[in-house]
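Q: I've got this one open on my screen. Can you walk me through the fold?
A: Sure, let's look at it together.

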Amino acid sequence: MTTAMPVLSRLPADPSLISLAYHHEHHVQAFEFDDTLEVWTVTARIDAVTLAEDMAARSDVDQDTLDAVQDVTVGRMSFVRVRMFGPDDPFQAMDAYTGDVSRIGERLLDVACGEYAPAFEEALAHPVGDLLVMDRVILEPEWRGAGLGPVLAGAAIRRLSQDCAAVACEPGSADDREMTEEQHRQAAVKLGQLWSTIGFQPFQDGVHFLDCHLQHPHDLLAARQQEFTELCRSWHEQHPC
């Protein structure tokens, strides 16, 4: 990975301090599609205590400054796990959630019977298991341009995709910026290329998927993690103690 020096120099903190926090909430007594859809919010952040300790180790900072340190938000992601063998029809559950998730369901599932569509089954190495939808990946502006999106998303996928057959997404802008139709198209192409670096490949009508049973995505994620290690090393070289 080649990281432009201006991008590296403007990162607000040491990227090696980033951690991912996972949040999933559900009713004890299943409500609507609780037993079929699991909605996960993943927050990428640097904890205030960790950041203050790092600042104290790197420079002579007074206690008032350290006490004022707050969490640094790097970005946020949302994933939806669709249980294919749950009590509800998986497409109905996806359709009831959001239009974005519903569109993915229309491409990957046989809507009439609530199973994987034959064409999607043929595209998978082993079409048995749940479906994980990568719904949103949004980085804060100051953290963009350093290649963090794929490594953060890949790390989250590795922990959320156990027993899944595939991960699906529909690349496109997710931060509510006003864009023309052509800008949306260009963003989708660019993001499709970005997500291909962790194993996503195009399927139909803008929907991409990652086959959880292939070794290739694991190898790609290992490569992205090595690039992240190199990014952190470069940051430390620019910000010596």
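Q: How do β2 and β3 pair, and over how many bridges?
A: They pair antiparallel, over 10 bridges. One contact point to find is Val42, whose bridge partner in β3 is Met77. Keep in mind that this is a predicted model.

Q: What stands opposite Val42 on the β1 side?
A: Tyr22 does. β1 and β2 also run antiparallel, with five bridges between them.

Q: And what joins β3 to β6?
A: Eight bridges, again antiparallel. Look for Phe79, which has Met134 as its bridge partner in β6.

Q: Which way do β6 and β7 run?
A: Parallel, joined by four bridges. Asp130 is bridged to Cys164 in β7 there.

Q: What about β7 and β9?
A: Those two are antiparallel. Four bridges join β7, residues 164-169, to β9, residues 207-211. Ala166 stands opposite Asp211 in β9.

Q: So what is the strand order in the whole sheet?
A: β1-β2-β3-β6-β7-β9-β8. That makes seven strands in an open sheet with mixed pairing.

Q: Which strands stand at the edges?
A: β1 (19-23) and β8 (201-204). Each has a single partner strand, so one side of each has no neighbour in the sheet. From one strand to the next, the twist averages 30°.

Q: Where do side chains point along a strand?
A: In a regular strand they alternate between the two faces of the sheet.

Q: Is β6 mostly covered or mostly open?
A: Mostly covered. Eight of the 10 residues in β6 are buried.

Q: Which strands does helix α4 lie across?
A: β2 (37-46), β3 (72-82) and β6 (130-139). The helix covers residues 90-97 and runs at about 50° to β2.

Q: Zooming out, how many helices and strands are there?
A: Nine helices and nine strands.

Q: How does the radius of gyration compare with the globule rule?
A: The protein comes out at 20 Å, close to the 18 Å that the rule gives for 241 residues. So it is as compact as a globular protein of that length.

Q: What box do the C-alpha atoms fill?
A: Roughly 65 × 40 × 40 Å, along the principal axes.

Q: How much of the protein counts as buried?
A: 40% of the 241 residues. The exposed surface is about 12,900 Å², and carbon and sulfur atoms supply 49% of that.

Q: What share of the contacts comes from residues 24 or more positions apart?
A: 75%, taken over contacts with a separation of 6 or more.

Q: Switching to cysteines. How many disulfides does the structure hold?
A: Zero.

Q: Why is there no bond between Cys212 and Cys164?
A: The sulfurs are too far apart. Cys164 has the closest cysteine sulfur to that of Cys212, yet the gap is 5.6 Å. A disulfide needs the two sulfurs within 2.5 Å.

Q: Is Cys212 buried or exposed?
A: Buried, because its relative accessible area is 18%, and the cut-off for buried is under 20%. Cys232 also counts as buried, at 7%.

Q: Now the loops. Where is Asp34?
A: In the loop between β1 and β2. Asp34 is partly exposed, with 23% relative accessible area.

Q: What does Asp34 touch?
A: His27 and Gln29, leaving aside residues up to four places away in sequence.

Q: How far is Asp34 from Arg83?
A: 10.0 Å in space, C-alpha to C-alpha. In sequence they are 49 residues apart.

Q: What's odd about the phi of Glu32?
A: The angle is positive, about 50°, although Glu32 is not a glycine. Glu32 is in the loop between β1 and β2. This residue is exposed, with a relative accessible area of 62%.

Q: And what is the phi of Asp163?
A: Positive, about 65°, and Asp163 is not a glycine either. You'll find Asp163 in the loop between α7 (148-160) and β7.

Q: Buried or exposed, that Asp163?
A: Exposed, with a relative accessible area of 59%.

Definitions and conventions: Residues are numbered from 1 along each chain as its sequence is written. This is a predicted model: local features need pLDDT of at least 70, side-chain atom pairs count only at pLDDT 80 or more; totals for chains, interfaces and linings use all residues. Side-chain values use heavy atoms; hydrogens and water are left out. Two strands pair if DSSP finds at least two bridges between them. Axes are lines fitted to C-alpha atoms, for helices over the stretch in contact, and angles run from 0 to 180 degrees between N-to-C directions. Contact means heavy atoms within 4.5 Å. The radius of gyration is taken over C-alpha atoms; the globule rule is 2.2 Å times the number of residues to the power 0.38. Buried means under 20% relative accessible area, exposed over 50%, partly exposed in between (1.4 Å probe, protein chains only). Accessible areas come from the Shrake-Rupley method with a 1.4 Å probe; for residues, only the protein chains shown count as cover.
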